[in-house]
Amino acid sequence: DVGDIKRRLDFLFEHNYDINDFVLVPVGIAFSWSRKINAHLNVARTEIQRDRDSLEQQLKRRKQQFASNVDAFTTNVEDMTHVGATMDKTTGTIKDIGKIKKQVDGLREEETTLTQEAEDLNSEEDRLGWPLSDFEALLGAKKMFVPFYKLWGVAYHYSKAQQRWRKGPVCQLNAEEVEKTIGDMWREVYKLGKQLEDLSPLASKMALEIKLQLDQLKHDLPLL
């Protein structure tokens, strides 16, 4: 504390103590530092502000790129409304289901990446004292994507399972497990068909066709 040093030095002078350079040099350095401190503080404040400005600019650019990525994701989800598939009514096989499943899985990965990035952006906003963004566009796209992801997931698993049920060795099937799986799938596609009725007639039609096939499988269950 410079003030305390000055009081001690005044005391020594007042009482005529012999003061040598061993005492005066450090005191002079302390007094000199006190005169320079404001300049050092101003430099530090300038550097801190420069760093903050840089972080804010980086965050703005990240948010702009994020918004573009969300727009692209939204467009891809909207394209799902035009995706349909053909089912062979005799065999129950769904044509191109593997390709469609790969497509929705890719969108799922994209959704996960965007969700994580949104959380990271919120963390950075909080660190800088900014209001947290709610990313409504991403939330809307995710909500739209849910029924498509569920439907084509069920369609893929149904297409695989029905081949095993119809063509696989009966002795390897568990009737109770098959009945439960069919019941779960039936309820899911019934609900999804209703949800997608207006949003995507093609997807809704696929849900109905799966439901009809499951109805036939339920009818054949006693054979197991």
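What follows is a short exchange on a predicted model, about its helices, its core and two loop residues.

Biologist: Why is phenylalanine 135 called buried?

Modeller: The cut-off for buried is under 20% relative accessible area. Phenylalanine 135 has 14%, so the residue counts as buried. Phenylalanine 135 sits in the loop between H3 and H4, and its phi is near 50°, a positive value in a residue other than glycine.

Biologist: What makes aspartate 96 partly exposed?

Modeller: Partly exposed covers the range between under 20% and over 50%. Aspartate 96 has a relative accessible area of 45% and therefore falls in that class. Aspartate 96 also has a positive phi, about 65°, although it is not a glycine. Its place is the loop between H2 and H3.

Biologist: How do you know that H5 and H6 are roughly antiparallel?

Modeller: Their axes cross at roughly 155°. Angles over 145 degrees count as roughly antiparallel, so H5 and H6 get that name. The two axes come within 9 Å, and H5 passes H6 in a left-handed crossing.

Biologist: Which residues of H5 and H6 meet?

Modeller: From H5 they are Ile182, Met185, Trp186, Val189, Tyr190 and Gly193. From H6 they are Ser204, Ala207, Ile210, Lys211, Leu214, Asp215, Leu217 and Lys218.

Biologist: How do you know that the length of H6 agrees with its number of residues?

Modeller: The expected span is 1.5 Å times one less than the number of residues. The 20 residues of H6 should therefore span 28 Å, and the end C-alpha atoms are 29 Å apart, which agrees.

Biologist: Against which helices do the buried residues of H6 pack?

Modeller: Those residues pack against H4 and H5. Among the buried residues of H6 are Ala203, Met206, Ala207, Ile210, Leu214 and Leu217, and the buried set also includes Glu209, Lys211 and Gln213.

Biologist: Which residues have the most contacts inside the largest nonpolar core?

Modeller: They are Ile94, Trp152 and Ile210, in a core of 44 residues. The elements giving two or more residues to this core are H2 (21-79), H3 (97-127), H4 (136-167), H5 (175-195) and H6 (201-220). H4 gives the most, with 11 residues.

Biologist: What does tryptophan 152 touch, leaving out residues up to four places away in sequence?

Modeller: Contact here means heavy atoms within 4.5 Å. On that basis tryptophan 152 touches Met80, Val83, Gly84, Ala85, Ile97, Ile100, Lys101, Val104 and Met206. Of these, Met206 is one of the buried residues of H6.

Notes. Residues are numbered from 1 along each chain as its sequence is written. This is a predicted model: local features need pLDDT of at least 70, side-chain atom pairs count only at pLDDT 80 or more; totals for chains, interfaces and linings use all residues. Side-chain values use heavy atoms; hydrogens and water are left out. A nonpolar core is a set of buried Ala, Val, Leu, Ile, Met, Phe, Trp, Tyr and Cys residues joined through side-chain atoms within 4.5 Å. Buried means under 20% relative accessible area, exposed over 50%, partly exposed in between (1.4 Å probe, protein chains only). Helices (H or I, at least four residues) and strands (E, at least two) are DSSP runs, numbered from the N terminus. Axes are lines fitted to C-alpha atoms, for helices over the stretch in contact, and angles run from 0 to 180 degrees between N-to-C directions. Angles under 35 degrees count as roughly parallel, over 145 as roughly antiparallel, 65 to 115 as roughly perpendicular and the rest as oblique. A crossing is left-handed if the near helix is turned anticlockwise from the far one by less than a right angle, and right-handed if clockwise.
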